[in-house]
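Please open the model in your viewer and keep the selection panel at hand. The tour proceeds by selections, each followed by a description of what is to be found there.

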Amino acid sequence: MLLVFFLILGVFLIVAQTTFFQLFPDWLGRPDFLYILVAFAAYRLGWVTGLLYVFLLGWMLDVVSGIHLGIYPLQNILVFTGLKLLTESSPLREGAYEVPLVGLSYFLVQIGFYFVHSVMIPGTLPVWSWDKIFQDTMILLLATIPAFVLLNYFFEFFRSRRIVHRVIRRGSSNQFR
Amino acid sequence: MTKVVLLLILVCSLILFAASFGGRFGPFHQITLDTLGPVQSLFTSVSQGVEQVWDDYVALWSVRDENKRLRAMLEEYNEKLNEYTEAYSTYLGLHQKLRFKEKDPFPSITARVVGKGPSYWFQTIVIDRGENDGIVDGMVARNEKGVVGQVIQVSPNYSKILLANAPSSAIDAMVQKSRVRGILKGAGQRGYILHYVLKKADVTVGDRIVTAGIGGIFPSGIPLGRVSAVRKKQRGMFQEIEVEPAVDFQRLEVVFVNLTEKLSWEAEMHRPMGADY
């Protein structure tokens with residue numbers, strides 16, 4: 001149920017980001033909610049579930065907006081893996097670091113993406129803009145806080161339902177032994 | 001006493017009766033009128049004042065309701081006005097598109113833009129026409145303002161278009177006024193950059209840039225944009241020319257995909273080395 005909910009949320013965000021988010025004025029910015037969702041998945045979901053999930057998100061985004069197919073799934077998997085490794089085996093797993101880490105990783109991903117893309121397929125990206133990247137990162141950071149609160153709420157809600165469901169099932173099965 | 005008063009009244013009546021003969025408005029009439037006139041005036045003023053106060057007082061009862069009603073009406077009319085303005089704008093837009101389509105010598109298919117790529121790095125849109133409508137990779141999408149882009153991926157019912165302002169696109173273009181030719185490359189949100197125009201060439205801000213028409217299939221003269229800045233650096237042979245796109249890529253709603261232009265884009269758009277589309 002949890003995964004289904006997050007999949008539906010992912011589809012909704014992809015559709016939203018490619019349609020009515022585009023109507024927002026430039027000065028307001030368009031936070032990359034999908035990136036936030038991928039980061040959240042890295043913090044909360046397990047390895048297999050999370051990798052599957054972020055791959056599916058990247059794949060769908062690739063279909064609706066990618067030029068070089070495969071870039072978004074690869075990016076999502078790398079972001080997921082990077083964040084997962086960082087938070088699993090270091091002091092950065094503390095909740096206080098989660099939001100800043102999203103911003104920092106986004107910033108680094110943009111730089112890495114631009115560098116790799118420029119080397120692999122030169123001349124196919126717009127001119128690098130520090131202003132734009134800083135602006136996008138700040139907007140993403142601002143959007144991450146409420147988004148994480150909301151995502152956490154849904155995550156806990158579905159997880160608690162799953163636990164209750166398991167307990168009920170276990171209890172009922174014992175009755176018939 | 002009563003008899004005296006009665007007698008006085010009788011005498012006065014007789015006098016007035018006698019004065020009425022002959023149909024003349026005599027002194028008694030005038031005195032009477034001058035006496036009654038001010039009283040009438042007073043009564044009229046008072047009654048009008050009372051009526052005014054009454055009307056105002058009574059009106060107050062309904063003013064609030066009327067105010068509410070008028071506000072509701074105003075909102076309703078504003079809403080209608082917005083609807084009509086929007087409808088009129090839509091009509092103008094569609095009329096312009098229809099005229100463009102009628103004038104277009106090539107068979108084209110109209111498509112609605114249903115999505116736009118969110119990334120800063122790539123410029124793509126998704127349209128609601130696909131293989132089932134005869135669209136294949138490489139077809140050129142245009143609108144009444146000019147070149148929009150190229151179809152890069154197709155599904156049965158939808159297609160993805162790489163916008164002309166994407167840095168990986170390049171169009172053979174020329175300055176309409178001086179016929180100077182160059183390569184127009186996309187520069188993302190900055191529009192286009194016109195490359196390979198010699199410093200001695202006559203190019204000024206405001207000049208129109210159109211397609212050069214090399215290859216024959218893609219007609220020449222399709223608007224691409226206007227020169228927005230010209231820079232001549234000391235080094236190098238060429239000018240640096242920025243071009244503001246004729247097409248507003250942020251507000252694309254409808255595009256026309258030219259069905260005869262299959263793969264002709266390759267003649268016009270030079271893919272950079274290593275591009276995999």
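The stops below concern a predicted model.

**Stop 1: chain B as a whole**

Begin by selecting chain B and colouring it by secondary structure. Three helices and twelve strands make up its secondary structure. Chain B has 277 residues, of which 29% count as buried. Among contacts in chain B with a separation of 6 or more, 57% are between residues 24 or more positions apart.

**Stop 2: one barrel of chain B**

Next, select strands β1, β2, β5, β4, β3 and β12 of chain B. In that order, these six strands close into a barrel, and their pairing is antiparallel. From one strand to the next, the twist averages 45°.

Now restrict the selection to residues 140–143 and 254–258 of chain B, which are strands β3 and β12. The two strands run antiparallel and are joined by three bridges. Which residue of β12(B) is the bridge partner of B:Arg142? The partner is B:Phe256.

**Stop 3: another barrel of chain B**

Select strands β6, β7, β8, β11, β10 and β9 of chain B. Here, too, is a closed barrel of six strands, running β6-β7-β8-β11-β10-β9 with antiparallel pairing. With direction ignored, neighbouring strands of this sheet are turned by 40° against each other on average.

Within this barrel, highlight β9 (residues 208–211) and β10 (residues 223–231) of chain B. Three bridges join these antiparallel strands. One pair to display is B:Ile209 with its bridge partner in β10(B), B:Gly225.

**Stop 4: where the chains meet**

Show both chains together. How many residues of chain B are in contact with chain A? There are 22, and they touch 18 residues of chain A. On the chain B side, the elements that give two or more residues are β1 (108–116) and β2 (124–127). Colour the residues of this side by type: twelve are nonpolar, eight are polar and two are charged. Strands β1 and β2 have already appeared at the second stop, as members of the barrel shown there.

**Stop 5: the largest nonpolar core**

Finally, select A:Val38, A:Ala39 and B:Leu224. Of the 78 residues in the largest nonpolar core, these three touch the most other members. The element that gives the most to this core is helix α2 (residues 33–44) of chain A, with eleven residues.

Centre the view on A:Val38. Leaving aside neighbours within four places in sequence, A:Val38 is in contact with A:Val54, A:Leu57, A:Asn76, A:Val79 and A:Phe80.

Definitions and conventions. Residues are numbered from 1 along each chain as its sequence is written. Chains are lettered from A and ligands numbered from 1 in the order in which they are written. This is a predicted model: local features need pLDDT of at least 70, side-chain atom pairs count only at pLDDT 80 or more; totals for chains, interfaces and linings use all residues. Two residues are in contact if their C-beta atoms, placed from the backbone, lie within 7 Å. Helices (H or I, at least four residues) and strands (E, at least two) are DSSP runs, numbered from the N terminus. Ala, Val, Leu, Ile, Met, Phe, Trp, Tyr, Cys and Pro count as nonpolar, Asp, Glu, Lys and Arg as charged, and the others, Gly among them, as polar. Two strands pair if DSSP finds at least two bridges between them. Axes are lines fitted to C-alpha atoms, for helices over the stretch in contact, and angles run from 0 to 180 degrees between N-to-C directions. A nonpolar core is a set of buried Ala, Val, Leu, Ile, Met, Phe, Trp, Tyr and Cys residues joined through C-beta atoms within 7 Å. A residue is buried if 20 or more other C-beta atoms lie within 10 Å of its own, exposed if 12 or fewer, and partly exposed in between; C-beta atoms are placed from the backbone.
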